[in-house]
Amino acid sequence: GHMERNRKDLHSRRGLEMIVQDRRRMLKYLRTTNLESYKQLCEALGIRDRVPPTPTYPAVGRRYGINSGRQEKLKNSNRPIGMPF
């Protein structure tokens with residue numbers, strides 16, 4: 001194809017990689033939301049299912065207050081508000 005003949009065409013390579021990443025992201029979403037449709041689509045397109053569906057776990061981080069130790073320390077300190085340390 002074009003990329004085999006024009007190995008130094010980095011602009012086209014970047015565009016192709018962006019398209020592939022979009023497809024990969026959409027397939028990942030479909031796999032986690034509707035596994036049966038994902039399998040049918042992979043069969044129709046001739047795409048191998050490389051990764052089994054990942055279990056869904058709740059996100060870890062600020063949203064759930066797990067990594068909010070710094071904020072708790074700042075709330076409980078006796079220093080004036082606006083002091084960075």
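**Close-up 1. Cys42 in helix 3 of the predicted model.** Cys42 sits in helix 3, which spans residues 35–45. The model shown here is predicted. Is Cys42 buried or exposed? Cys42 has a relative accessible area of 4%. Buried means under 20%, so Cys42 counts as buried. Leu27 stands 15 residues from Cys42 in sequence. In space, the C-alpha atoms of Cys42 and Leu27 are 8.9 Å apart.

**Close-up 2. Leu30 in helix 2.** Leu30 belongs to helix 2. Its relative accessible area is 22%. The partly exposed class runs between 20% and 50%, so Leu30 is partly exposed. How far from Leu30 is the C-alpha atom of Leu41? The two C-alpha atoms are separated by 9.6 Å. Along the chain, Leu30 and Leu41 are 11 residues apart.

**Close-up 3. The largest pocket and its lining.** The volume of the largest pocket is about 380 Å³. Its lining is made of 14 residues. Which of them lie nearest the centre? They are Arg24, Leu27, Ile47, Arg48 and Arg50. Leu27 also appears in the first close-up, where its C-alpha atom is 8.9 Å from that of Cys42. Helix 2, residues 10–33, gives the most to the lining, with eight residues. Sorted by class, the lining holds eight charged, five nonpolar and one polar residue.

**Close-up 4. Arg31 and the ring of Tyr38.** Arg31 lies over the face of Tyr38. The distance to the ring centre is 5.7 Å. How many aromatic pairs does the structure hold? The count is zero.

**Close-up 5. The chain behind the views.** Four helices make up the count of helices in the chain, and the count of strands is zero. Read along the sequence, the pattern is α-α-α-α. The chain has 85 residues, and buried residues make up 8% of them. Cys42 is a buried residue, at 4% relative accessible area. What area does the chain expose? The exposed area is about 8,200 Å². Carbon and sulfur atoms supply 55% of that area.

Conventions. Residues numbered from 1 in each chain as written. Predicted model: local features only at pLDDT ≥ 70, side-chain atom pairs only at ≥ 80, totals over all residues. Heavy atoms only, no water. Phe/Tyr/Trp six-rings, centres within 6.5 Å; stacked < 30°, edge-to-face > 60°. Lys NZ or Arg CZ within 6 Å of the ring centre and 35° of its normal. 1 Å grid on protein atoms, 1.4 Å probe; cavity = no way out; pocket = protein on both sides within 12 Å on 5 of 7 lines; lining within 4 Å. Points joined across faces, edges and corners; volume = space filled by probe spheres on them. Helix = DSSP H or I, 4+ residues; strand = E, 2+ residues; numbered from the N terminus. Nonpolar A, V, L, I, M, F, W, Y, C, P; charged D, E, K, R; others polar. Buried < 20%, exposed > 50% of the residue type's maximum accessible area, 1.4 Å probe, protein only. Areas by Shrake-Rupley, 256 points an atom, 1.4 Å probe, with all protein chains shown as cover.
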